[in-house]
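Work through the exercises below with the model open. Try each task before reading its solution.

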Amino acid sequence: MSHDSTEGSGKLRVIFIDVGQGASQLLISPSGKTLLIDAGNNDKEQVMLDALKSYGISRLDIVIGTHPDADHIGGLDKVIDQHEVGRIYMPKVSSTTKTFESVLRSIQRKGLKVSTAKAGLNLEWDNAVTVKMLAPVRTYEDTNDMSAVIKVTYGQHSFLLTGDAERNSEKDMLASGADLRSDVLLVGHHGSKSSTSAVFLTKVNPKYAVIQSGADNKYGHPTQTVLKRLQKQGVQVYRNDKQGTVEFITDGQQFEIRAER
């Protein structure tokens, strides 16, 4: 697949990179700014590096590690090592895993400081695009609920990218009064039934949903419960395990959707 360079196409591109059972989203702004959320598992480092290269990316203006789970931040160390990075956001969760330590070492080597990901932040990225962090609203025992959740709005279109946020976090986002309505929803926690509660889904009311899960993964993601819920609400679903990498391109008015297969 050949891609346009990141000179800035006047369009917002949101790319759900196929990293198997894991998650990664790459955003390229209308003026060519870049934002990377998560980077798949440890064994997907080369996949991530190749993907970024194929989009012609050498600098990441913002990097967000949604929470310390390996399937989200596993590839971040190598990505940080090999790219220029502007700012990095992670929630205040410590983890004793080698994966997490490795990411912190890469951040230190670059001389970067981690900014705390939490609800209420407005991230400066591209003047034409609003990037708001809606979660974590508070501190949770469960690291999934500590996931950084961001809403990206350009013109009339918006994306809600949820990490592994589960019901507790969803409940607090609903209670926070944040505007959750979005055209495209990244289905929380790879389509696990601990996320995408009916009340949350109703409030977001997406036209499209993307599920990032690996073929025949051992967790049974995405679950029938969540697939039925999406179907019942008439949401058009795209899946990495079935369609490979999925990309949404919008000029703020129209959507173009490209799937790898």
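**Exercise 1. Find which residues of helix 4 are buried, and where they sit around the axis.**

Solution. Start with burial. In helix 4, the buried residues are Thr99, Phe100, Ser102, Val103, Ser106 and Ile107. Buried means under 20% relative accessible area, exposed means over 50%, and partly exposed lies in between, with a 1.4 Å probe and protein chains only. Next, take directions from the helix axis to the C-beta atoms, which define the arc. The buried residues span an arc of only 160 degrees around the axis, so they lie on the same side of helix 4. Now turn to the face pointing away from that buried side: the exposed residues Lys98, Gln108 and Arg109 are there.

Two notes on the basis. This is a predicted model: local features need pLDDT of at least 70, side-chain atom pairs count only at pLDDT 80 or more, and totals for chains, interfaces and linings use all residues. Residues are numbered from 1 along each chain as its sequence is written, and side-chain values use heavy atoms, with hydrogens and water left out.

**Exercise 2. State what covers the buried residues of helix 4, and check the span of the helix.**

Solution. The cover includes helix 2 (70-73), helix 3 (76-82), strand 5 and strand 6. Helices (H or I, at least four residues) and strands (E, at least two) are DSSP runs, numbered from the N terminus. Now the span. Helix 4 has twelve residues and reaches 16 Å from its first C-alpha to its last. The expected value is 1.5 Å times one less than the number of residues. That expectation is 16 Å, and the helix comes close to it. Just past helix 4, glycine 111 takes a positive phi of about 70 degrees.

**Exercise 3. Give the strand order of the eight-strand sheet, then place helix 4 on it.**

Solution. The order is 6-5-4-3-2-1-14-15, in an open sheet with mixed pairing. Two strands pair if DSSP finds at least two bridges between them. Strand 6 (114-116) and strand 15 are the edges, each pairing on one side only. From one strand to the next, the twist averages 20 degrees. Helix 4 (residues 98-109) packs on this sheet and touches strand 5 and strand 6 (contact: heavy atoms within 4.5 Å). Its direction makes about 135 degrees with that of strand 5. Axes are lines fitted to C-alpha atoms, for helices over the stretch in contact, and angles run from 0 to 180 degrees between N-to-C directions. Within the sheet, strand 4 (residues 59-64) and strand 5 (residues 84-90) run parallel, joined by five bridges. Arginine 59 has glutamate 84 as its bridge partner in strand 5.

**Exercise 4. Decide whether strand 14 is enclosed or open, and name its pairing partners.**

Solution. Count first. Five of the five residues of strand 14 (residues 246-250) are buried, so the rest of the structure largely encloses this strand. Then split by face. In a regular strand, side chains alternate between the two faces of the sheet. On one side of strand 14 are Val246, Phe248 and Thr250; on the other are Glu247 and Ile249; all are buried. Last, the neighbours. Strand 1 (residues 12-16) pairs with strand 14 in the antiparallel sense over five bridges. There, valine 14 is partnered by phenylalanine 248. Strand 15 (residues 255-259) also runs antiparallel to strand 14, over five bridges. Isoleucine 249 has glutamate 256 as its bridge partner. The hairpin of strand 14 and strand 15 has four residues between the strands, and glycine 252 in it takes a positive phi near 95 degrees.
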